[in-house]
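This report is meant for someone meeting the structure for the first time. Please keep the sequence and the model at hand while reading.

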Amino acid sequence: MNYIKHLTGFFEKVATDKTLNPTHVSLYIALFQFWNCNRFKNPISISRDEIMRISKISSKATYHKCLKNLHSLGYINYEPSFNPFKGSHVYLFNFADDLKPIPKSEKTTIPKNEPISSLATEQVTDKSYTSKETSSEQALVPYINNTNTPNNSNNLNVVNLGEQAKKIEEDQFILKKTEDLKKEKSSAKKEKEAKPTIEKVKSYFLEKNYPELEAQKFFNYFKSVGWLVGGKTPMVNWHAAAQNWMLNASKFIPNTEPNRSKQLNATTEKDYSEPL
């Protein structure tokens, strides 16, 4: 059993069979691997879970459908067991016999002085050597997917797409930098507004009819704590903080002590000669 010739014959059939899809091919390759491990002896006993794992088929319905399709199209002979403890049997056919050898009279001889490019042109022009034929020594593997050299327009399109992607990345980088600068300026402006000068504080306290000494106390206190409210939160509006300072300033004004000397003065004269 020459598995190279067998796979060559299989792929030749697949190339002309329009009813198959990639799932059928993947399933057949998994079955072929089981057949290879069984030394190409028929039938082979298969396990659904193993075949699905190797063929990368995740749906049981898709697995059974593709298996029946391969059976009906003549790629395999499927004999289900309908027993979960007994594996189903599959017969695989040898497609190596479908490859016909090329007669020696039709073999192409290469002249010694003929360039290789002319030979390649001749092989492409004469399709009889790329059909389902092979020599007696080596199987001729046809091209299933023809690899064409991309033309200049495709190359230009790829280059243009690359330049466009690069330009988009540069524009996004510039836009991000601009937004970051705006945010930094905005935060710096807010920070500057939240930290007034002593002149602004004095002017504001005088407008509210509060002495300049209280303005100095307010400025010195919050400057010493880094303009933080409660020692944690950055100050956002110093005007509001100044108003709270004015409201609470009256609580810290010391009350005048009563004149105790007046309390000792008696309003009426007492007669100490009288007994108590």
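The text below goes from the whole chain to one helix, its packing and its core, and ends with some backbone details.

The model is a predicted one. Its secondary structure comes to 10 helices and seven strands, and of the 276 residues in the protein, 22% are buried. Among contacts between residues at least 6 apart in sequence, 55% join residues at least 24 apart.

**Helix α2**

Helix α2 covers residues 22–37. Its 16 residues should span 22 Å at 1.5 Å a residue, and because the C-alpha atoms at its ends are 23 Å apart, the expected and the computed span agree. Within this helix the buried residues are H24, V25, L27, Y28, A30, L31, F32 and W35, and the elements against which the buried residues of α2 pack are α1, β1, α3, α4, β2 and β3.

**Packing of α2 with α4**

Two packed helices are described by the angle between their axes and the distance between the axes. For α2 and α4, the latter formed by residues 60–72, the angle is about 80° and the axes are 10 Å apart. Since angles of 65 to 115 degrees count as roughly perpendicular, α2 is therefore described as roughly perpendicular to α4. On the side of α2 the contact is made by T23, H24, L27, Y28 and L31, while α4 contributes T62, Y63, C66, L67, N69 and L70. Sorted by class, this contact of α2 with α4 holds seven nonpolar and four polar residues, and no charged ones.

One residue of α4 can be followed further, namely L70, which is found in that helix. With a relative accessibility of 0%, L70 counts as buried, because buried means under 20%. Leaving out residues up to four places away in sequence, L70 touches L20, H24, L27, Y28, Y75 and I76. Although L70 and V25 are 45 residues apart along the chain, their C-alpha atoms are separated by 9.3 Å.

**The nonpolar cores**

In soluble globular proteins, nonpolar side chains tend to be buried together. Here the largest nonpolar core has 27 residues, and those that touch the most other members are L27, Y28 and I76. Two or more residues of this core come from each of α1 (3–16), α2, β1 (44–46), α3 (48–55), α4, β2 (76–79) and β3 (88–92), with α2 giving the largest share, seven residues. Y28, when its neighbours within four places in sequence are left aside, is in contact with H6, F10, L70, Y75, I76, L92, F93 and F95. Apart from the largest core lies another core, of 14 residues, which includes I198, A215, W238 and A241.

**Backbone details in two loops**

Which residues join through a cis peptide bond? The bond lies between N42 and P43, with omega of about -5°, and P43 is found in the loop between α2 and β1. R39 lies in the loop between α2 and β1 as well, whereas K56 is placed in the loop between α3 and α4. Neither R39 nor K56 is a glycine, and the table gives the phi and the relative accessible area for each.

| Residue | Phi | Relative accessible area |
|---|---|---|
| R39 | about 60° | 67% |
| K56 | about 60° | 70% |

The phi of R39 is positive, as is the phi of K56. By their relative accessible areas, R39 is exposed, and K56 is exposed too.

How values were computed. Residues numbered from 1 in each chain as written. Heavy atoms only, no water. Axes fitted to C-alpha atoms, helices over the stretch in contact; angles between N-to-C directions. Helix = DSSP H or I, 4+ residues; strand = E, 2+ residues; numbered from the N terminus. Parallel < 35°, antiparallel > 145°, perpendicular 65-115°, else oblique. Contact = heavy atoms within 4.5 Å. Nonpolar A, V, L, I, M, F, W, Y, C, P; charged D, E, K, R; others polar. Core = buried A, V, L, I, M, F, W, Y, C linked by side-chain atoms within 4.5 Å. Buried < 20%, exposed > 50% of the residue type's maximum accessible area, 1.4 Å probe, protein only. Expected span 1.5 Å × (residues − 1).
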